[in-house]
Amino acid sequence: MKIILLMLSTVILFGCTDKNSPNINNPQSGTEDYAAGEVLTALKDSITLEEYANYIYSMKNISINNIVAFNYYSTLPKDSMQVIISTLESRSYVWKGQSTFAYNDSTSELNIVLWIKDFNPPDIQDWELLKSRFSMFHIPSHFQVGQVNVSPGEETEWINILSKSSLFYAVELNYKTYAF
């Protein structure tokens with residue numbers, strides 16, 4: 001059930017817009033609309049947040065807008081759960097209200113599904129410190145999807161660049177779907 005909700009949320013997050021939105025251009029085929037200056041990246045299962053961010057920020061004129069469904073777990077005891085949640089939610093790059101936290105008594109682990117927004121280069125070091133502090137480890141997940149910002153008109157060029165990376169299993173335009 002959580003997977004279905006996650007997939008539905010991802011479609012809504014990335015795909016719906018008003019037909020009259022001024023931020024829509026026609027791609028070369030002329031058959032569909034896409035968001036100018038946005039490229040979607042579907043990350044391979046084992047790619048961590050810091051690997052993704054280090055790769056994106058190794059280039060110029062590209063930035064991370066958001067990423068959904070980074071799964072982590074913490075091995076700290078249950079009584080640490082509220083401190084971990086409060087600390088993570090205090091970070092500007094953790095998308096409040098979207099991330100989920102659940103303690104699994106059978107494994108004695110806190111399971112964390114993070115939605116990230118506006119993740120910038122200085123956030124990489126902060127994230128690495130938090131991972132260490134809270135004994136958090138990445139859980140491979142097939143649903144890690146990121147949206148990067150590029151200069152409008154350069155979307156196809158960036159798709160070609162990013163597609164050469166072994167981090168992704170798909171890179172594409174952020175096509176718009178209309179909700180009538």
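A residue counts as buried under 20% relative accessible area, as exposed over 50%, and as partly exposed in between. Keep that in mind as you explore this predicted model.

**Stop 1: Tyr 73 and Phe 137**

Select Tyr 73 to begin. With a relative accessible area of 22%, Tyr 73 is partly exposed. Now add Phe 137, which is also partly exposed, at 40%.

**Stop 2: strand S4**

Widen the selection to residues 62–74, the strand S4 that holds Tyr 73. Is S4 mostly covered or mostly open? Mostly covered: 11 of its 13 residues are buried.

Next, bring in the strands that pair with S4:

- Select residues 109–117, strand S6, which runs antiparallel to S4 and is joined to it by 7 bridges. Look for Tyr 72, which stands opposite Ile 112 in S6.
- Select residues 145–150, strand S8, which pairs with S4 in the antiparallel sense over 6 bridges. Here Asn 66 stands opposite Gln 147.
- Select S7, another antiparallel partner of S4, with 4 bridges between the two. Asn 71 has Ile 139 of S7 as its bridge partner.

While you look along a strand, remember that in a regular strand the side chains alternate between the two faces of the sheet.

**Stop 3: aromatic rings**

How many aromatic pairs does the structure hold? There are 7. For one of them, select Tyr 55 and Phe 168: their ring centres are 6.0 Å apart and their planes make an angle of 65°, an edge-to-face arrangement. Tyr 55 belongs to helix H2 (residues 49–56) and Phe 168 to strand S9 (residues 168–175), so this pair ties together parts 113 residues apart in sequence. Phe 168 is buried, because its relative accessibility is 7%.

Return to Tyr 73 and Phe 137 for a comparison: with centres 5.4 Å apart and planes at 35°, this pair is tilted. Tyr 73 sits in S4 and Phe 137 in S7 (residues 136–139), so the pair links parts 64 residues apart in sequence.

Finally, add Tyr 52 to Tyr 55 and Phe 168, and you have one aromatic cluster on screen.

**Stop 4: two helices**

Select residues 81–89, helix H3, and residues 121–133, helix H4: their axes come within 12 Å and cross at roughly 180°. The two helices are therefore roughly antiparallel to each other. Show the side chains at the contact: Val 83, Thr 87 and Leu 88 from H3, with Trp 127, Leu 130 and Arg 133 from H4. Of these contact residues, 4 are nonpolar, 1 is polar and 1 is charged.

Notes:
Residues numbered from 1 in each chain as written. Predicted model: local features only at pLDDT ≥ 70, side-chain atom pairs only at ≥ 80, totals over all residues. Heavy atoms only, no water. Axes fitted to C-alpha atoms, helices over the stretch in contact; angles between N-to-C directions. Parallel < 35°, antiparallel > 145°, perpendicular 65-115°, else oblique. Contact = heavy atoms within 4.5 Å. Nonpolar A, V, L, I, M, F, W, Y, C, P; charged D, E, K, R; others polar. Phe/Tyr/Trp six-rings, centres within 6.5 Å; stacked < 30°, edge-to-face > 60°. Buried < 20%, exposed > 50% of the residue type's maximum accessible area, 1.4 Å probe, protein only. Pairing = 2+ DSSP bridges.
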